[in-house]
Amino acid sequence: MKSVSQQLIRNTNLKRLYNCVFSERGISRAALARRTGLSRTAVSDLTDDLTQRGFLYDSGTGASPGVGRNPNCLELCQGNYYVLVFEWEKAAVQAHLVDISGSCTLHRSISRGSEDSYIELCGDFLESGLTGKEAPGGELLGLCFVLPAMIDPEREEVFSTTFSLEQDGGGQGVIAALRKRFAGYTVAVLNDTACAAYAEKIYTRITEKDFAFIRFSQGIGAALFVGERLLGGACASHVQFGHVSISPLGPPCPCGGRGCLELMLAEETLPGRLHRKGSFSYQELGEAARYRDAEAERVIRDLAREFSIALSSLICLTRPSLIVLGGNARYLGELFPEEIRKSLLESGFRKMTENLVLRYSRLGEGACCYGAMKYFFDCHFQFLPDGKKTFFVG
Ligand SMILES: [Zn+2]
């Protein structure tokens with residue numbers, strides 16, 4: 001029987017090795033030993049364990065780095081282990097079965113009426129949607145519930161201004177209800193922006209230790225990586241960037257503040273800015289600006305300048321070396337980041353902004369479920385269960 005600390009070390013090492021193969025498919029055992037600093041014997045023992053359990057397989061010989069015997073290459077197994085990710089939206093639940101090797105095996109969009117309980121829709125899918133001939137084999141490692149909400153891990157409460165949890169015990173009862181309904185599973189309740197940010201970090205191979213991911217969606221959310229760690233975990237309870245006020249006398253926001261960034265920059269403000277009637281989206285605005293519509297360009301410049309006010313505060317607090325703009329922001333085209341850079345150089349703290357890289361996300365909206373799977377695997381999954389916690393908030 002191994003002690004708890006021995007188990008923890010083994011878990012950590014198994015995960016390090018698995019993730020090395022994840023980011024460098026076909027790596028040899030010798031290279032793994034060099035990457036991780038583990039001995040060749042330890043690497044052999046641990047990779048044998050991973051191979052026997054169907055996490056890795058040996059694909060045979062690889063290219064020789066020089067003279068001598070070709071090393072054996074390790075690859076990720078597919079089809080053996082999954083994470084089921086449920087994304088909660090206002091009128092639907094998106095269910096994704098994601099293979100831990102990184103591919104989405106199954107996606108269902110489950111429509112939701114205002115009287116439907118999110119928890120029951122997810123429970124029904126888990127019990128009936130994964131059976132039948134489409135059902136994949138393999139083992140389900142856990143469930144992720146991804147919410148467009150602020151999740152408070154201490155009080156186990158959820159706060160959202162974009163969707164209602166009335167059918168699920170409200171913001172104060174939903175986590176307890178999830179815990180009860182899915183007892184017996186390993187569960188993680190995660191914030192959507194944090195999952196999108198984690199996907200960006202992993203799948204676009206971000207090496208900056210300090211970076212910010214800002215997502216324009218229903219509102220504006222941010223996830224901050226400080227010293228490679230996601231600040232506050234995946235629950236958005238430490239950072240509410242969308243509620244930084246850029247106009248103290250501006251309109252009241254449901255959060256209790258005034259002139260919050262996400263309110264001031266919302267798509268709903270576009271018709272007023274353009275002196276038009278009807279609705280207007282970021283996409284339409286970006287499209288008009290691409291063809292040099294002067295009014296559209298002016299509005300994008302205004303949005304960038306206003307956005308930079310909040311961004312300067314964030315930069316002064318955490319000094320990210322990279323800022324990634326995700327979600328709908330990309331529809332605004334290249335003019336938007338260009339103008340933000342200009343504004344930051346004109347009015348930001350020069351020393352903190354001069355080497356800053358600002359870019360759009362390189363992943364689509366579908367990245368969230370991959371980010372959730374990977375976050376769950378990296379932060380919560382245990383190769384050797386310690387028999388304690390199986391319910392994670394953030
Ligand atoms: Zn607010």
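Which residue of β6 does V98 stand opposite? The answer is C104, and the views below show where that pair sits.

**Figure 1. The whole chain, with 13 helices and 16 strands.** This is a predicted model, in which local features need pLDDT of at least 70, side-chain atom pairs count only at pLDDT 80 or more, and totals for chains, interfaces and linings use all residues. Residues are numbered from 1 along each chain as its sequence is written. Helices (H or I, at least four residues) and strands (E, at least two) are DSSP runs, numbered from the N terminus. Taken along the principal axes, the box filled by the C-alpha atoms is roughly 70 × 55 × 40 Å. The radius of gyration is 23 Å, which agrees with the value near 21 Å for a compact globule of 394 residues. That radius is taken over C-alpha atoms, and the globule rule is 2.2 Å times the number of residues to the power 0.38.

**Figure 2. An open sheet of 6 strands, in the order β6-β5-β4-β7-β10-β16.** The pairing here is mixed; two strands pair if DSSP finds at least two bridges between them. β6 (104-111) and β16 (391-393) are the edge strands, each with a single partner strand, so one side of each is left without a neighbour in the sheet. From one strand to the next, the twist averages 15°. (Axes are lines fitted to C-alpha atoms, for helices over the stretch in contact, and angles run from 0 to 180 degrees between N-to-C directions.) Our opening pair belongs here: β5 (residues 92-99) and β6 are antiparallel and share 7 bridges, with V98 facing C104 of β6.

**Figure 3. Parallel neighbours β4, β7 and β10 in the 6-stranded sheet.** Strand β4 (residues 81-88) runs parallel to β7 (residues 139-147), and 7 bridges join them. Look for Y82, which stands opposite L140 in β7. β7 also pairs with β10 (residues 187-191), again in the parallel sense, over 5 bridges. Here F145 has V189 of β10 as its bridge partner. A handy reminder for this view: in a regular strand the side chains alternate between the two faces of the sheet.

**Figure 4. Helices α4 and α13 packed on the 6-stranded sheet.** β5 and β6, paired in the antiparallel sense over 7 bridges, are a good place to start. Helix α4 (residues 118-129) touches β4, β5 and β6, and its direction makes about 40° with that of β5. Helix α13 (residues 367-380) touches β4, β5, β6, β7, β10 and β16, at about 125° to the direction of β4. Contact is counted when the C-beta atoms of two residues, placed from the backbone, lie within 7 Å.

**Figure 5. An open sheet of 5 strands, in the order β13-β12-β11-β14-β15.** This sheet has mixed pairing, and its edge strands, β13 (229-230) and β15 (357-360), each pair on one side only. β11 (residues 211-216) and β12 (residues 220-226) are antiparallel, with 6 bridges between them. One of the positions to find is F213, whose bridge partner in β12 is A223. Helix α6 (residues 192-203) packs on the sheet, touching β11, β12, β13 and β14 (322-327), and its direction makes about 50° with that of β12.

**Figure 6. The packing of α6 against α13.** The two axes lie 7 Å apart at an angle of about 80°, which makes α6 roughly perpendicular to α13. (Angles under 35 degrees count as roughly parallel, over 145 as roughly antiparallel, 65 to 115 as roughly perpendicular and the rest as oblique.) Residues of α6 in the contact include C195, Y198 and I202, and those of α13 include C368, Y370 and K374. By class, the contact has 11 nonpolar, 1 polar and 3 charged residues. Ala, Val, Leu, Ile, Met, Phe, Trp, Tyr, Cys and Pro count as nonpolar, Asp, Glu, Lys and Arg as charged, and the others, Gly among them, as polar.

**Figure 7. Helix α3 and its contacts with α1 and α2.** The axes of α1 (residues 4-23) and α3 come within 10 Å and cross at roughly 80°, so α1 is roughly perpendicular to α3. Their contact is made by N13, L14, L17 and Y18 of α1 with V43, L46, T47, D49 and L50 of α3. α2 (residues 29-36) packs on α3 (residues 40-52) at about 115°, with the axes 9 Å apart. In this contact, R29, A30, L32 and A33 of α2 join R40, V43, S44 and T47 of α3, dividing into 4 nonpolar, 2 polar and 2 charged.
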